[in-house]
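Biologist: Could you take me through one part of this model up close? I'd like the contact between two domains of one chain, in plain words.

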Protein chains: 2
Amino acid sequence: MVNGNHDVKESTHQVVVVGAGPGGLMLTSNLVRYGIKTTIVDDRVDKTSTGRADGLQPKTIETFKQLGLAGPLLQRGVRIYDICFWNSSAETTLRRTGREIHYPPEVVDVEEPYILLVHQGMVEDIFLKDLRLRGVEVIRSTPFSSYSQKKEANSIVEVECTDLKTGRIRPFKTQYLVGCDGAHSKVRKVMLGAVEHTQASKSAWGVLDGVIETDFPDRWSKAVISSETAGSILCIPRERNMTRLYIELHPAEAPISSDAATEEFVMWRAKEIMKPFTLSWKTVEWFGIYKVGQRVAKAFSDDSQRVFIAGDAAHSHSPKAAQGMNVSMHDSFNLAWKINLSVRGLANDSLLATYQQERKKIAEDLIDFDFGHATAISAGDPVALADNFTKNIRFISGVGAEYSENVLNVLGKNPKGGLRGGSLLLPAKVTRYIDANPVDLQLEIPMLGQFRIFFFTPDVKTACAFLDRVCDEIASPRTILGRVSQAATASYAALSPVHTEMDEFVQPNRYIGASKVFTYSIVTTMNKDDVEIRDLPQLLQDSCWTFYLDSVMKEPTCTEKWLGKLSEHEVAIVNVRPDGYVGSIGRWNAIDVGADDEAVRWLDTYYKGFLKA
Amino acid sequence: MVNGNHDVKESTHQVVVVGAGPGGLMLTSNLVRYGIKTTIVDDRVDKTSTGRADGLQPKTIETFKQLGLAGPLLQRGVRIYDICFWNSSAETTLRRTGREIHYPPEVVDVEEPYILLVHQGMVEDIFLKDLRLRGVEVIRSTPFSSYSQKKEANSIVEVECTDLKTGRIRPFKTQYLVGCDGAHSKVRKVMLGAVEHTQASKSAWGVLDGVIETDFPDRWSKAVISSETAGSILCIPRERNMTRLYIELHPAEAPISSDAATEEFVMWRAKEIMKPFTLSWKTVEWFGIYKVGQRVAKAFSDDSQRVFIAGDAAHSHSPKAAQGMNVSMHDSFNLAWKINLSVRGLANDSLLATYQQERKKIAEDLIDFDFGHATAISAGDPVALADNFTKNIRFISGVGAEYSENVLNVLGKNPKGGLRGGSLLLPAKVTRYIDANPVDLQLEIPMLGQFRIFFFTPDVKTACAFLDRVCDEIASPRTILGRVSQAATASYAALSPVHTEMDEFVQPNRYIGASKVFTYSIVTTMNKDDVEIRDLPQLLQDSCWTFYLDSVMKEPTCTEKWLGKLSEHEVAIVNVRPDGYVGSIGRWNAIDVGADDEAVRWLDTYYKGFLKA
């Protein structure tokens, strides 16, 4: 059981997470980094050893980079850059009918434009090691049984699990409970009652992981192989020389019952589809049959906003577009920072309400896409599949997951650049002023649960009076930003993250020294020789590691890519959420009378929408 | 003591390495990867905890990437991209007189154009962990005492060390002995006798590592600060928020004796030089005085070529250009693969002779540069220092370390592209045919102690007959390549590297499945749709993971950058040494009668120069 490095006045946990798959571990890892005392239970004896999910999408790779955990995965994973289509019919032998770049740069703007094939157990392992460094272990062999809430008890949730080693009930009192316990989630069943969540079509596929021998030439690309007579295969290269094959069990021409689909039968069918190429297995690591329908739970939290579900517990779908692990982890990524601010008493109820608003939309987008995708693979129609892909490729990559307007996301009218409220930051390189390092601005500031407030201006000196006044106000108790910062200082002093060896190298205080909830940053197109750190307002001088020169990219510059052109005296402010989504964007002419007061009001209004102090 | 995973018939070691600094550990790590049973002893109780070397140059970062060991260093190190110059005199206050990019891309063509500041102890730690995975531990508290050789004993070296824990002599018999035991090397003293190696000027500097407080604005750049009256400082940002200051003790105007240079005095002088900026220390991690002269040992090996010295044991110089650790490790990098082939009986004596030829030249180049560099820093003349830098910046980065003509390096006349015998490969991106992954060709093929033989051709199909014939011959016992490959198969079966978890992911057999000594590779500018793996000669089909499309770079393509333009029927062959240096380059018109035989003879002649079987 985990208590962080603090004395706990009572035995109430702050958060209990049920399920130590990638989603539950992502949530726990995030919460523990933010300093929240989190307990994670799982019914299994150990982490996933074989099978299950295996693909990380570009946005997920970026997320792991932000967490400082990508290294071992990038070193070990297999990268898929292209997709090939093969077709045969009664008249024509199997032939390549198409080959496409999986993530064309003109459509999907990412630093890592590939799917990274890494086994789910490796992803879990990365998190388990990360948690261990922070003093947290998964409580294993402890399935969740039920929970209850008494209204008079300040919404404390009473959780019951079963310790399989002793057979006894293991109770937990907690402020928040999150079910990351998979498609058959018990947390969901208690939360939503007997009401089943919506459900669409089912299809059945066999899955085989192993080392194959074949003369099929595209076995190291992602390949969709469709035989009009024998059905379809999706072929995915894997780490450790393995290949994963998804083999259709219900093709129109030759359906068989899922129960009759033994490993031998599935292998036989795969060989039929692959003809005239040879196919045999040197080893088989995992064989499974899945019949997953597309489903979305009707609610992702209870009315009190103390109990949540995430990942497969909240939505399920076909695994063939390598979405499950990715969407699950990003449910957690979305929820964690909101729970952090709520536990600390720094957020209104409106903040936690955005979790369901935002992630239910993504789940529905996913189901819409998945239905068409699975149908196109079964149909074996390369044109339909390619169309479905092109239409959805940004979504599949993860960077196309976009949220609707709410208290966090202000969509704004006529944005001149590429940034949008409710969408992710775009990749952009700038130079860090203080040490001349070129950095990726969208990833650069360590993720410590804080918002990022970026000022953009072509000229720090003419905007000086404007910046001085805005910075003075947001640092003062006259604004919600100042008040929340002050309250956060006390909260983090009482409840602070475990210090790790990496902190010595990251130096988090460079980013949250001025405020635990906001990192202030300024980006300018000025030449380095024309500006010194002492030219900045004091608040930005105190945050001197986040002063950037927009000097790396040309046509467009970072400023232009994100915001369009700024005129000579213009200042833009971009509010970025802790999860890297853009919140809102404002622009002012810095030398207009009253522009500074207007900017202060604009910031105050935005943050009052969901923060309190 | 280390025996790899083999039974040893007798108690003779294959290699004994004295000294577990970065040079000795690099050597051991390389040898153990190649399957050589290596024992490493050190007089110290543990790895370096503070002080000493701290900078990795671009080429060294590349080397660590090749070894798969760069990740933790890149994640933890501080990156220096620029250098600033500050000057003051009796008349003028301290002011910035210049600012330069440290490694301008038009001069230094590298993927990582910065100095990576990481403490020597971190570098040692990376190697220690790597060795542990391969079953090797450093034998500590065991200083080297002496060695002797009996001629009749097949040049076996008898080494004596002292076990400090028991006080007893600890003897080792070994085929090879390498002294990586620093500037006061005992191995060198035994090998060269009382004869001191050549020595040039001495200068004395104080060094301070710690967390400083200062309002000096360029503290996170490399900065040379020269006061005409008080002397010079070299200021280097370090990991963990630290700064290293090198402070001159013997400026012309105010020299003091090294013995009088206490920590307090050195701090006082640093403060004087930095005026009017403030300077104080929050913590001091290390303080040292160094007086290192520039020296090169007269020989780097004994006459029998069984005993070698490397690193500071062979050459020493000022630390201020961050060269020591880098050059030392590359001495080892140069020596390791040559010892591997020699232990296996696959090399002539001419191969080991190239170690001294090549690395003594680099040591002399280093001393030449270092003398001018140290003088310019002392003189405080920014123009002279900048000139010295510009002239030497390729050498400082490590990519300018070039070897002279010998059996390995054929310089060739009128090369049309950028590659030169005796120089490193140049960075170039290509697409791996089999899985469409874009890769860095200079780093792509795992370093397994083998040569890389690259065929370049604009058209695999018209060059088909030529390639078929050449590949047939080099795979057959009619050539030295075939005979060495056959002998190597037996040698590696008897003496094979320890299998590690990473091998499962790297799949080394993809690269040395066809030959343990050569990876065969082909690079073509053809479109992917116009060529299949089955169009290649069998030897290249067997090496299908090293078939590359020159489709990533434009103007110049990889082919053009490396070799200049190839005409329609031309085939170029590039022999690349196991350490990434170009050996020789040949070009043929593939459709000329007899061109294939000529190419085979050319390859045979080159490899006969130093290999045997």
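Modeller: Here is a walk through the contact between domain 1 and domain 2 of chain A. This is a predicted model, where local features need pLDDT of at least 70 and side-chain atom pairs count only at pLDDT 80 or more, while totals for chains, interfaces and linings use all residues. Residues are numbered from 1 along each chain as its sequence is written, chains are lettered from A in the order in which they are written, and side-chain values use heavy atoms, with hydrogens and water left out.

Domain 1 of chain A covers 12–75 + 118–198 + 295–397, and domain 2 covers 78–117 + 203–291; the bounds come from an automatic or database domain assignment. Their centres, taken over C-alpha atoms, sit 28 Å apart. Domain 1 of chain A brings 29 residues to the contact and domain 2 of chain A brings 31 (heavy atoms within 4.5 Å).

Together they bury about 2700 Å², with 62% from carbon and sulfur atoms (accessible area lost on being put together, 1.4 Å probe, summed over both parts). On the domain 1 side, D54(A), P58(A) and K320(A) supply 19% of the buried area, more than any other three residues.

D54(A) also forms a salt bridge with R244(A), the closest N and O atoms being 3.3 Å apart (a side-chain nitrogen of Lys or Arg within 4 Å of a carboxyl oxygen of Asp or Glu). Between the two domains the count is three salt bridges.

Definitions and conventions
Buried area = accessible area lost by both parts, 1.4 Å probe.
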